[in-house]
Amino acid sequence: MRGANAALGAAGLAAFLALGEAVPRLGLVKEAYLPPTSRIAHALGQEVTDHAFWTALGDTLTGWALGLAIAIGAGVVVGLLLSVVPYLREATASTIEFLRPIPSVALIPLAVLLYGTELRSVLLLVVYASFWQVLVQVLYGVQDVDPVAEETARSYGLGPWARVRHVLWPTALPYVMTGVRLAAAVALILAVTAELVIGAPGLGARIAVAESSQAVPDMYALVVVTGLLGLLINVGARTVERRALAWHQSVRGEVMV
Amino acid sequence: MRRLLAGLAVGSFLVAASACGSSGGGGASDKNASSGGTTTVKVGVIPIVDVAPLYLGQQKGFYSKRGLKLSMTTAQGGAAIVPGVVSGQFQFGFSNMTSLMIAQSQNVPVKAVVNGVASTGVAGKDFGAITVKKGSPIKSAKELEGKKVAVNTLKNINETAVRESVRKAGGDPSKVKFVELAFDQMPAALDSGQIDAAMVVEPALATVKSQGATEIASSLVDVAKGLTVAMYFTSTQYEQKNPDVVRKFQEATAESLAYADAHPDEVRQAVTTYTKIPAATLAQVTLPKWPAEPNRASIEALEKLDAQDGLFKSTPDLDKLLP
């Protein structure tokens, strides 16, 4: 079953690449604006031999990883705090619902004013966008705590910290992991967007330079790199999720079926 | 224990990811770092041909012999550069004259310090032009009335320039429909007929020409002969606190501009270090002029046209703005 799936996946990808080659070659779109797959692949081959490309990749990953780490840390701590301290959740609910839908890209002018075109302005956007993903999942997760388990823990005399550690956290973890997976993808999108729009060093800025230089195949090659990066990040996040939740029925169930 | 492992797994995932990261370009270099008598200044630039003299001058040692080291930070467009300079993220920046005059008229504390780039002043052989698609019935700027014309930014230098071309050709600029489009998207938009004409600059101009498009007006030339299109600027606070650095930057940049103007082949070489313009396109690119001094008369002409087109709420004070 697994082998058949992999073969189908490979066939689908091959068909997609062939389509990318054929459409411009047949003249359905102009080669100048959408180069065929082979030319993009050639440009990609030249990119990876350029030292500046790896620096840009490193810059993008730095912005992504730092931003994600800050967002996860802050999201978990704030989320637990809001749920544990009485009345705090109710008091902040409306503010959170107001702030959460603000698109991170709308904060670009603010980021530029505060930090110019440095890494910090990328971080501002990345953290803002991914923080809510984690926070909201933590809040949902905490709500899911079984009241019987909670009461049992209380009657056994567990203190607040022990209850967080042994009852609340295991219940919330599957939700947190979903939040982390979503946040990892959102963080990459925002890191590249920030570089593209603001010009902070990284893959996005390199795409912008290729674009304004009329170097169309290079631009697509870099776009492909960001896609591959997103793919790797998603695979990585899923692996972490499975490892962290190996004990949980959702993951155990997958293996049994 | 398992939960601890889970935590470690997440942690190592992140550490592994960040370990791949190396910070190049920007990073946390401190502003004004002085080491061994060398002052590092950050310059906010747009990665286009116009700023090549800075890169070339740095290579040639025009800055280092005066104790300056330039740290070029590329920004996407002037919109990020002006706030960056005013807030002190950059010590110097590159901006077109209309944007600088608009900023000055709104009392944004900017001070132009040294010339940036000028039009070649030769109609038909400038680095920017109004172009129409191959075979278009439009032959002159007058015929743009009622047509869709793309400019990179509405209400800025290029729109003013196109309006002046239409006016000079005997047309009514208020009848032209302006749309905003990035320079690099103009070739495709022109080719597919989404727009009737485009005010396009290099290197997109070379692409447009290679598609067989025709130039119908050199708008920057129409504004004024030898128009000063852009200048390097700083904030008034920085200028007052560091007159010495500003003076050195002025001298070194003036020397770089003169050198660039005299050595076009070296300019084309320098351009490849910070853009990705393909060699075939770069060979076709019309280089701008880099006079060492700004042309005050041309800036005044531009100011008058900008004012006529309603770009200023109050008149900019050129004596305060210019060096």
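## Strand β4 and its neighbours

In strand β4 of chain B, residue B:F92 stands opposite B:V43. This pair belongs to a predicted model, and the values given in this report are computed from that model. The contact between the two strands involved, β2 (residues 38-45) and β4 of chain B, consists of 2 bridges, and the strands pair in the parallel sense. Strand β4(B) also pairs with strand β11 (residues 228-235) of chain B; here 4 bridges join the two, and they run antiparallel. Within this pairing, B:G93 has B:F233 in β11(B) as its bridge partner. Both arrangements illustrate a general rule: strands of a sheet pair through backbone hydrogen bonds, either parallel or antiparallel.

How many of the 5 residues of strand β4 (residues 92-96) of chain B are buried? The count is 4, and the strand is therefore largely enclosed by the rest of the structure. B:F92 itself has a relative accessible area of 0%, which lies under the limit of 20%, so B:F92 is classed as buried.

## Aromatic pairs

Over all chains, the structure holds 10 aromatic pairs. One of them joins A:F131 and A:W132: the ring centres are 5.1 Å apart and the planes stand at 70°, so this pair is edge-to-face. Both members are removed from the surface by the same kind of criterion: A:F131 counts as buried because its relative accessibility is 16%, and A:W132 is buried because its relative accessible area is 10%. A contrasting geometry appears in the pair formed by B:F92 and B:F249, which is stacked, with 3.9 Å from centre to centre and 10° between the planes. B:F92 lies in strand β4 of chain B and B:F249 in helix α10 (residues 243-262) of chain B, so the pair ties together parts that are 157 residues apart in sequence.

Is B:F249 buried or exposed? With a relative accessibility of 0%, B:F249 counts as buried. B:F92 and B:F249 also belong to one aromatic cluster, whose other members are B:Y63, B:F94, B:Y232 and B:Y238.

## A five-stranded sheet in chain B

Chain B contains an open sheet of 5 strands, arranged in the order β8-β7-β9-β6-β10, and its pairing is mixed. Which strands lie at the edges of the sheet? They are β8 (177-180) and β10 (214-217) of chain B, each of which pairs on one side only. On average, neighbouring strands of this sheet are turned by 35° against each other, with direction ignored.

The edge strand β10(B) is joined to strand β6 (residues 128-132) of chain B by 3 bridges, and the two run antiparallel. In this pairing, B:I130 stands opposite B:A217 in β10(B). A helix covers the sheet as well: α5 (residues 157-168) of chain B lies across β6, β7 (148-151), β8, β9 (197-201) and β10 of chain B, and it runs at about 140° to β7(B).

Strand β6 of chain B also contains B:T131. This residue is buried because its relative accessible area is 1%. When neighbours within four places in sequence are left aside, the residues in contact with B:T131 include B:L190, B:A197, B:V200, B:V208 and B:T214.

## Nonpolar cores

In soluble globular proteins, nonpolar side chains tend to be buried together. In this model, the largest nonpolar core has 144 residues, and those with the most contacts inside it are A:W64, B:F92, B:L144, B:V162 and B:F249. Helix α8 (residues 160-198) of chain A supplies the largest share of this core, 16 residues. There is also a second, separate core of 13 residues, which includes B:A189, B:L190, B:V208 and B:A213. Of these residues, B:L190 and B:V208 are also in contact with B:T131.

## Chain B as a whole and confidence

Chain B has 14 helices and 11 strands. Of its 323 residues, 54% are buried. Among contacts in chain B with a separation of 6 or more, 79% are between residues 24 or more positions apart.

The model scores ipTM 0.70 and pTM 0.78. For chain B the mean pLDDT is 85, and 88% of the residues reach 70 or more. Where in chain B does pLDDT stay under 50? This applies to residues 1-34, for which the model has 45 contacts beyond four places in sequence.

How values were computed
Residues numbered from 1 in each chain as written. Chains lettered and ligands numbered in written order. Predicted model: local features only at pLDDT ≥ 70, side-chain atom pairs only at ≥ 80, totals over all residues. Heavy atoms only, no water. Buried < 20%, exposed > 50% of the residue type's maximum accessible area, 1.4 Å probe, protein only. Pairing = 2+ DSSP bridges. Phe/Tyr/Trp six-rings, centres within 6.5 Å; stacked < 30°, edge-to-face > 60°. Axes fitted to C-alpha atoms, helices over the stretch in contact; angles between N-to-C directions. Contact = heavy atoms within 4.5 Å. pLDDT = per-residue confidence, 0-100. Core = buried A, V, L, I, M, F, W, Y, C linked by side-chain atoms within 4.5 Å.
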